[in-house]
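Me: Could you take a close look at one part of this model for me, whichever helix you like, and walk me through what surrounds it? Take your time and keep it chatty.

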Amino acid sequence: MNNKKLDLVYKICCGIYIVFLLYALYINWMGKYFTVTLCSCFLPFIAPTIVKILKVKLPEEFYIMNIVFVFMASLWGSCLGGYSLPYFDKIVHTFCGVIFAELFYLLYKYFLREDKRKGLMFLFINGLNMATAVSWEFYEFCLLYFLNYDAIRNVTGVYDTITDMMVATFGGVLLSLYLIHFDQSKENHFFVSLERKTYLMNKRIQHN
């Protein structure tokens, strides 16, 4: 997909996000989920801001994944009742595991580009992914404790927390197996290709 098409897809995703955000603000105005909805105004900017601070260049695919993930996890899930749908929560956490596994793959390749130890790559990606899953559960607990938003479904809290971490780990393991298999391939498989594009973009910056 060329840059113009990616740019169009990104703008469409942002447009959809804004429309649903305005709707969420309207139906949640000064209600129980108003504070959570306000948070959804800022969440899409967190990852791009971190990237800018670190002076890292990322392909547009990452920004598309960012807006889609925040839409699912925060706007639709927390503000518009998405988490009441069967398995919606597990889909979000699986998707989260895939995204963070890819990010940790980028980090691994940055420091150990020529390393071919598949076991080390697997442990690196999944160790950090599991730590991220735990951190996300801490975040959901803080939503309950400080904002009185029951993201962890307090009635079945332990079950929900454990299964969330399990599916996030499952998503990360699946992607890491994919990455390990195609890491040395000359073909541009999607998630491997993203890393290569990221490397080349940042290599040009360093040379300049």
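Reply: Let's come in from the outside: K55 counts as exposed, at 71% relative accessibility. Bear in mind that this is a predicted model. K55 sits in the loop that joins α2 to α3, and its phi is positive, about 60°, even though the residue is not a glycine. K55 follows helix α2, and α2 is the part I'd like to go through with you.

Helix α2 covers residues 34–53, 20 residues in total. From first C-alpha to last it reaches 29 Å, close to the 28 Å expected at 1.5 Å a residue. There is a bend on the way, though: α2 turns by about 35° at C41. A proline, P44, comes within four residues after that point.

Which residues of α2 are buried? They are F34, V36, T37, S40, P44 and V51. Look at the spacing with this in mind: an α-helix has 3.6 residues a turn, so residues three or four places apart point the same way. On the list of buried residues you'll find T37, S40 and P44. As for partners, the buried residues of α2 pack against three helices: α1 (3–27), α3 (60–79) and α5 (118–147).

S40 deserves a stop of its own. It belongs to helix α2, and with a relative accessible area of 0% it is buried. Leaving out residues up to four places away in sequence, S40 touches Y17, L21, S74, L75 and C79.

Now flip the view and look from Y17. With neighbours within four places in sequence set aside, Y17 is in contact with two residues you've met already, S40 and P44. The rest of its contacts are I67, V70, F71 and L75. So which residues have the most contacts inside the largest nonpolar core? Y17 is one of them, alongside F69, L75 and V92, in a core of 22 residues. Helices α1, α2, α3 and α4 (88–111) each put at least two residues into this core. The largest share, nine residues, is supplied by α3. There is also a second core, separate from this one, with 17 residues, including A101, L106, Y108 and L175.

Back to Y17, this time for its ring. The structure has 14 aromatic pairs. One worth turning to is Y17 with F71: the ring centres are 6.4 Å apart and the planes sit at 65°, so the pair is edge-to-face. Y17 lies in helix α1 and F71 in helix α3, so this pair ties together parts 54 residues apart in sequence. Buried or exposed, these two? Both Y17 and F71 are buried. F71 also pairs with F20, again edge-to-face, at 5.3 Å centre to centre and 85° between the planes. With F20 in helix α1 and F71 in helix α3, that pair links parts 51 residues apart in sequence.

The accessibility of the F20 and F71 pair is worth a glance. F71 has a relative accessible area of 16%, so it counts as buried, whereas F20, at 35%, is partly exposed. Step back a little and the rings join up: Y17, F20, F71, W76, Y83 and F88 make one aromatic cluster.

Since we began at K55, let me add another positive phi. Y87 has one too, about 70°, and is likewise not a glycine. You'll find Y87 in the loop between α3 and α4. Y87 counts as exposed, at 66% relative accessibility.

Two stops away from the helix, and then I'm done. R113 lies over the face of Y199, 3.6 Å from the ring centre. E114 is in the loop between α4 and α5 and is exposed, with a relative accessible area of 63%. E114 and Q184 are 70 residues apart in sequence, while their C-alphas are 10.0 Å apart in space.

To pull the α2 story together: the helix bends by about 35° at C41, its buried residues pack against α1, α3 and α5, and S40, one of those buried residues, touches both Y17 and L75.

Notes:
Residues numbered from 1 in each chain as written. Predicted model: local features only at pLDDT ≥ 70, side-chain atom pairs only at ≥ 80, totals over all residues. Heavy atoms only, no water. Expected span 1.5 Å × (residues − 1). Bend = angle between axes of the 7 residues up to and from the residue. Buried < 20%, exposed > 50% of the residue type's maximum accessible area, 1.4 Å probe, protein only. Contact = heavy atoms within 4.5 Å. Core = buried A, V, L, I, M, F, W, Y, C linked by side-chain atoms within 4.5 Å. Phe/Tyr/Trp six-rings, centres within 6.5 Å; stacked < 30°, edge-to-face > 60°. Lys NZ or Arg CZ within 6 Å of the ring centre and 35° of its normal.
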